Number of protein chains: 2
Amino acid sequence: MSFLHDEIFEQPQVLRTLIEAEGENATEIAALVRERRVPYVVIAARGSSDHAALYAKYLLGTMNHLSVALATPSLFTMYQSPPQLKDALVIGISQSGESPDIISVVSRAREQGALTLAITNEAGSPLAQAAEHVLPCHAGVERSIAATKTYTAQLVAVALLGTALAEDETLRGELQAIPDAVEKTLTLSEVVQRAAERYRYMEQCVVLGRGYNYATAYELSLKLKELTYVVAEPYSSADFMHGPIAIIERGFPVIVIVPHGAVYDEVKSLARSLQEERQAELIVISDQDEALALAKTPLWLPVSVEEWLSPILCIIPGQLFAHHLTLVKGFDPDHPRGLHKVTITQ
Amino acid sequence: MSFLHDEIFEQPQVLRTLIEAEGENATEIAALVRERRVPYVVIAARGSSDHAALYAKYLLGTMNHLSVALATPSLFTMYQSPPQLKDALVIGISQSGESPDIISVVSRAREQGALTLAITNEAGSPLAQAAEHVLPCHAGVERSIAATKTYTAQLVAVALLGTALAEDETLRGELQAIPDAVEKTLTLSEVVQRAAERYRYMEQCVVLGRGYNYATAYELSLKLKELTYVVAEPYSSADFMHGPIAIIERGFPVIVIVPHGAVYDEVKSLARSLQEERQAELIVISDQDEALALAKTPLWLPVSVEEWLSPILCIIPGQLFAHHLTLVKGFDPDHPRGLHKVTITQ
C-alpha cells in the first residue's frame, strides 16, 4: 500500500483527536473574536489549504455572518503594498506552516494590530510563531505529497471555530458525529476501486459543486491533477453557466458533488441538463437517489449529514477515486512528478 | 467578419468615451468612500465581470490599501444567511445588470446600510437601480456572446475608481493614455492570426499570470473555453506550484502572461523551468525580450505601460488569439454552443 492510502484511512482517528483536543482552544479564540467585534476575516492559504479557506468563506458567512476575503499574498510580498487589516481577523492556513507568502500576510497583519490565527499541522512552525493564536490540526506527520488527512483536519478546525463563534450546542454535537460518518464513508473504497477502471484513459474532466461544496470541487480537482495528471477544472455550478459550459460535448466527464441541502435543486438541475442536453458522462457524489440516478457512475454516500458538514464527507469518495485512478493509470501515488511536500512560494 | 472581431476593435474608442464621461462621477463616488472610511470592499460578479473583480482586488489593494472580498452570492440567494456588510463598500459588476444573484447581494447590502455601487454597461438595468451609485461602462451594445469590450471597460471603470480614491494626477494621466496603447496593441492581429494555426488541434492548456494579471489568466481562459472549447485552466504562478504543475509534460501548451513589473522575475523563472525542465510549449504575452525568448510563440506587446494598467493591454493579444483560433478550428465566433448573452443565475 501507499502512504496516500494509509493517510486517507487515518482520517476518522485524526478528526476525533482534533475535536477532542481543540474544542476549548477554539472557544477561547472565538471569545476574543466576539470581544473585538471583528467585521471581516481575511484568510491566506495556498493549495489544499486554500480550499479549506473557501469552506471557511461559506461557513463563517452563513453561521457567523462574517465576510471572508481570501488574501492576495503578492500584495504583501511582491508589491509591498498590503491592504490595511487592523480591524480584521487574519487567518493563515498551511499544513507545514512554512510558506513565506502566507507567513508574510499573518506577520504584517499582526504588526498592523489585527487579531491573527494560524491553522496548521505544525504547532512549532514559523506560521504558528507569526500568529498570536494557533489552532493545531493534530493530523500527525503527512508523508504523502497529496494532502488528505491534513485537508479534512483543516475543515474541522474551521468548523470548530465557526461553531464556537456561534455558541450553539446542537452544531457542536453535529460536528462531534463527523469522525464516525467519515469512517462509514470510507467503506466506499471497493465500489470506487471498481468504478475507477472505466476512467483509465480520461484526460480531462470538470468538477462541479456549489456553496459549501465549492471547496470540495476545488480540492477534488487538485487531487486529480496532482495524482493522475488529469486536467480537472473545478467550478461552482453558477459560474459554470457563465461561459465554461460551452466545453461540454457528448461523453465529456463531469464529476458533480451534490449532497442534500440549500443548493441541491440547482446543482441537480444543472447535472440533469448536462446529461440530457449535452450527453455528458456524470460521476455523481451524493446521498440523494434522484441525483445519483443521473450518473453513469454513482458514488453513494452511506451517511447523510447537515450540509455545512457535507464537505468533510464528500471529499472522501473523491480522495478514494483519485487514489484508485492513480493506480489504474499506473502512477505512483506517493511521488507525483516534480512535486515536493512543502512548496515555498513568495 | 463577426461581431466578436468588430467589438475587439471598438475597444480604444469605448475606453476613450468611458474615461471622458465618468472621471467626475468616479471622483464623487471616491469622495463618499473616503468620507465613510470604508474598511473593506465586497464585490459580486460572475464570468468576465468576476475577472474585473479580481483586477479590483489587486488595484484597490495596492493603490488604496483596501481589502477586497469576492462575494459568495449563494449566501444571499440559496442559504438566505448573508454576512453583515454595513461597513463595507459593496460593488456589483455585471455587463447586463440582470443576474438575480448579483442584484441580491447589492440590494441586501444596501438594506443593511452599506455604500453600494453598480459597474454595468446598462445604466437602466435592475442592478443599476438596486445600487445607490452607478458607474456606467459606455461600451455600447455588445452583440457577441463572449465579452471583450465590456470586460476592458469594466477594468477601466475599476481603474477610474482606484485613481480617484488615490487622488493622484500622475496615475490619472497614465490611465488616460491607455486607449491609445490598446489601439497600438491591436496591430498584433496579423501576427496572432498566423500563430493561431499551430494550435488547431490543441485540446487543453494552462494560462498563467500573477498579481494584476491573475485576472488576465482567468479572462483569457474563459475566452478560450467559450469560443474554442479548449479546456484552459487559469492559475497564479504561485498556486500552480502547489500541485497543479504535475500535469505538465513534454509539449503541454502553457500561455504565460508576463509583462514587466513586480511579479515579472518570479513568473519568468517559472516559465523558464516549465520550458527547460518539463519541455512545455510556451506562448508568452510580454513586453520583455527575455521572457519572449522562452516562447515557441512569442506575442510581443508593442507598448509598455505601468503594471497596474497592464491587464487592459495583456488581454488584447489573448482576445485576438481566442478569436483567430475559433476561426482556425472552424467554429462560429458569434454563437458558441449553448450559450446566451445574458446568463441568469440565482
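**Close-ups of chains A and B**

**View 1. A salt bridge joins the two chains.** In this predicted model, the side chains of B:Asp239 and A:Arg46 come together in a salt bridge, at 2.9 Å from N to O. That pair has company, since six salt bridges turn up across the interface of chain B and chain A. Look for polar contacts here too: 24 residue pairs make them across this interface, with both partners at pLDDT 80 or more.

**View 2. Helices and strands of chain B touch chain A.** Among the elements that give two or more residues to this side of chain B are strand 1 (40–44), helix 2 (48–64), helix 10 (214–228) and helix 12 (264–278). Strand 7 of chain B hands over the largest share, six residues. Sort the residues on this side by type and you get 34 nonpolar, 20 polar and 15 charged.

**View 3. Chain B and chain A cover up about 5500 Å² between them.** Carbon and sulfur atoms account for 56% of that buried area. Want three residues to zoom in on? B:Tyr79, B:His242 and B:Arg337 supply 13% of the area that chain B buries against chain A, more than any other three residues. As for head counts, 69 residues of chain B are in contact with 69 residues of chain A.

**View 4. The largest pocket holds about 410 Å³ of space.** Its lining is made of 23 residues, and those nearest the centre are A:Glu203, A:Tyr229, B:Gln204, B:Glu249 and B:Phe252. By type, the lining splits into twelve nonpolar, three polar and eight charged residues.

Methods. Residues are numbered from 1 along each chain as its sequence is written. Chains are lettered from A and ligands numbered from 1 in the order in which they are written. This is a predicted model: local features need pLDDT of at least 70, side-chain atom pairs count only at pLDDT 80 or more; totals for chains, interfaces and linings use all residues. Side-chain values use heavy atoms; hydrogens and water are left out. Contact means heavy atoms within 4.5 Å. Buried area is the accessible area (1.4 Å probe) that two parts lose on being put together, summed over both. A salt bridge is a side-chain nitrogen of Lys or Arg within 4 Å of a carboxyl oxygen of Asp or Glu. A polar contact is a pair of N or O atoms within 3.5 Å; within protein, one must be able to donate a hydrogen and the other to accept it, and residues adjacent in sequence count only if both atoms are side-chain atoms. Helices (H or I, at least four residues) and strands (E, at least two) are DSSP runs, numbered from the N terminus. Ala, Val, Leu, Ile, Met, Phe, Trp, Tyr, Cys and Pro count as nonpolar, Asp, Glu, Lys and Arg as charged, and the others, Gly among them, as polar. On a 1 Å grid over the protein atoms alone, a cavity is a set of points where a 1.4 Å probe fits but cannot get out, and a pocket is an open set with protein on both sides within 12 Å along at least five of seven lines; lining residues have an atom within 4 Å of a point. Grid points are joined across faces, edges and corners, and a volume is the space filled by probe spheres set on the points.
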